[in-house]
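Open the model in your viewer and keep the sequence panel visible. The stops below say what to select and what is there.

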Amino acid sequence: MNILIIYAHPNPSSFNAALREVAVGTLSRAGHSILLSDLYTMRFNAVLSLHELEGDEHLIKTEMDKVRRADLLLFQFPNWWYGMPAIMKGWIDRVFAFGFAYNIGREFETGLFKGKKALLSLTTQRRKDYYSAAPQRDLMRVLEPIHYGYLAFCGMEVLPPFIVYGPPEMSDAERKKALEAYRKYLMGLEALEPLKF
């Protein structure tokens, strides 16, 4: 399987970086082909410009080629303000373009990305009990605009997300356990049942 990892975190020593490394290593060893878009390292410009709408953009064509080749898009990011970082949302704004990712009458079951899968892997600042304490913090609700409005809309099967709650509050042993849980999760990737909307 060809897997594109879209990664967004500015700190190369972050827990998100550790998760990205687990994904690259685990999936490569399992025989998958890995492509990586490290958005901060690329200095990806999140802003869709009028110039780009009217013309051509080489970098975006390169990212589109990566998406075209991918069977699975894996998004790795920290949960900031109940969503993905702006740089990653900008990547979607610019790469999931009209005519490439969707078209009139070509969305959801007939979407242009039909046959591809998508997976979100993310971290939160706080522990799980904080999110469980109030219904408005339920991350499955919070992630639905991404799952449904970006990914399923374009025709992709959306796999259940992998969420690490509160790495900043974890001990080293807990962080190692979370990384091992992610490795096992990825090893069972092909058996995951897509979300239903």
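## First stop: Glu21 and its partners

Select Glu21: at 44% relative accessibility it counts as partly exposed, because that value falls between the 20% and 50% limits. Keep in mind that this is a predicted model.

Now add Arg20 to the selection. The Arg20 and Glu21 side chains form a salt bridge, with N and O 2.8 Å apart. Arg20 has a relative accessibility of 12%, so it counts as buried, whereas Glu21 is partly exposed. Add Asp38 as well: Arg20, Glu21 and Asp38 are linked in a network of salt bridges. Side chains of opposite charge can pair when their charged atoms come close.

## Helix α1

Select residues 15-29, which make up helix α1. From first C-alpha to last, α1 reaches 21 Å with its 15 residues, close to the 21 Å expected at 1.5 Å a residue.

Which residues of α1 are buried? Colour these: Phe15, Asn16, Ala17, Leu19, Arg20, Val22, Ala23, Gly25, Thr26 and Leu27. To see what lies over them, show the strands β1 (2-7), β2 (33-38), β3 (72-78), β4 (117-123) and β6 (162-164) along with helix α7 (172-187); the cover of the buried residues of α1 includes these elements.

Then step past the end of the helix. Just after α1, Gly31 has a positive phi of about 95 degrees.

## Thr26

Go back into α1 and select Thr26. Its relative accessibility is 3%, so Thr26 counts as buried. Draw a distance from its side chain to the backbone of Val22: a polar atom of the Thr26 side chain lies 2.8 Å from the backbone oxygen of Val22.

What does Thr26 touch, leaving aside residues up to four places away in sequence? The residues are Arg183, Leu186 and Met187. Measure from C-alpha to C-alpha between Thr26 and Met187, and the viewer should give 7.3 Å, although 161 residues separate the two in sequence.

## Helix α3 and its charged pairs

Move to helix α3, residues 58-69, and select Glu63 and Lys66. These two form a salt bridge in which the closest N and O atoms are 2.9 Å apart. Because Lys66 and Glu63 are 3 residues apart in α3, about one helical turn separates them. Are Lys66 and Glu63 buried or exposed? Both are buried.

Next select Asp65 and Arg68, also in α3 and 3 residues apart, about one turn of the helix. Arg68 and Asp65 form a salt bridge as well, with the closest N and O atoms 2.5 Å apart. Here Arg68 is partly exposed at 48% relative accessibility, and Asp65 is partly exposed at 39%.

How many salt bridges are counted? The count comes to 7.

## Arg94

Select Arg94, which sits in helix α4 (residues 86-95). Arg94 counts as buried, with a relative accessibility of 5%. Look for the backbone oxygen of Asn45: a polar atom of the Arg94 side chain lies 2.5 Å from this oxygen.

Now show the contacts of Arg94, again without residues up to four places away in sequence. Arg94 touches Phe44, Asn45, Ala46, Val47, Leu48, Glu52, Glu57, Ile60 and Met64.

## Zoom out to the whole chain

Clear the selection and switch to a cartoon view. The chain has 7 helices and 6 strands. Traced from the N terminus, the elements run β-α-β-α-α-β-α-β-α-α-β-β-α. The radius of gyration is 17 Å, close to the 16 Å that the globule rule gives for 197 residues, so the chain is as compact as a globular protein of that length. Along the principal axes, the C-alpha trace spans about 50 × 35 × 35 Å.

Colour the chain by burial. Of its 197 residues, 46% are buried. Switch to a surface view: the chain exposes about 10300 Å², and carbon and sulfur atoms supply 54% of that area.

Finally, display the contacts between residues at least 6 apart in sequence. Of these, 78% join residues at least 24 apart. The contact between Thr26 and Met187 seen earlier links residues 161 apart in sequence.

Terms used
Residues are numbered from 1 along each chain as its sequence is written. This is a predicted model: local features need pLDDT of at least 70, side-chain atom pairs count only at pLDDT 80 or more; totals for chains, interfaces and linings use all residues. Side-chain values use heavy atoms; hydrogens and water are left out. Helices (H or I, at least four residues) and strands (E, at least two) are DSSP runs, numbered from the N terminus. Buried means under 20% relative accessible area, exposed over 50%, partly exposed in between (1.4 Å probe, protein chains only). Contact means heavy atoms within 4.5 Å. A polar contact is a pair of N or O atoms within 3.5 Å; within protein, one must be able to donate a hydrogen and the other to accept it, and residues adjacent in sequence count only if both atoms are side-chain atoms. The expected span of a helix is 1.5 Å times one less than its number of residues. The radius of gyration is taken over C-alpha atoms; the globule rule is 2.2 Å times the number of residues to the power 0.38. Accessible areas come from the Shrake-Rupley method with a 1.4 Å probe; for residues, only the protein chains shown count as cover. A salt bridge is a side-chain nitrogen of Lys or Arg within 4 Å of a carboxyl oxygen of Asp or Glu.
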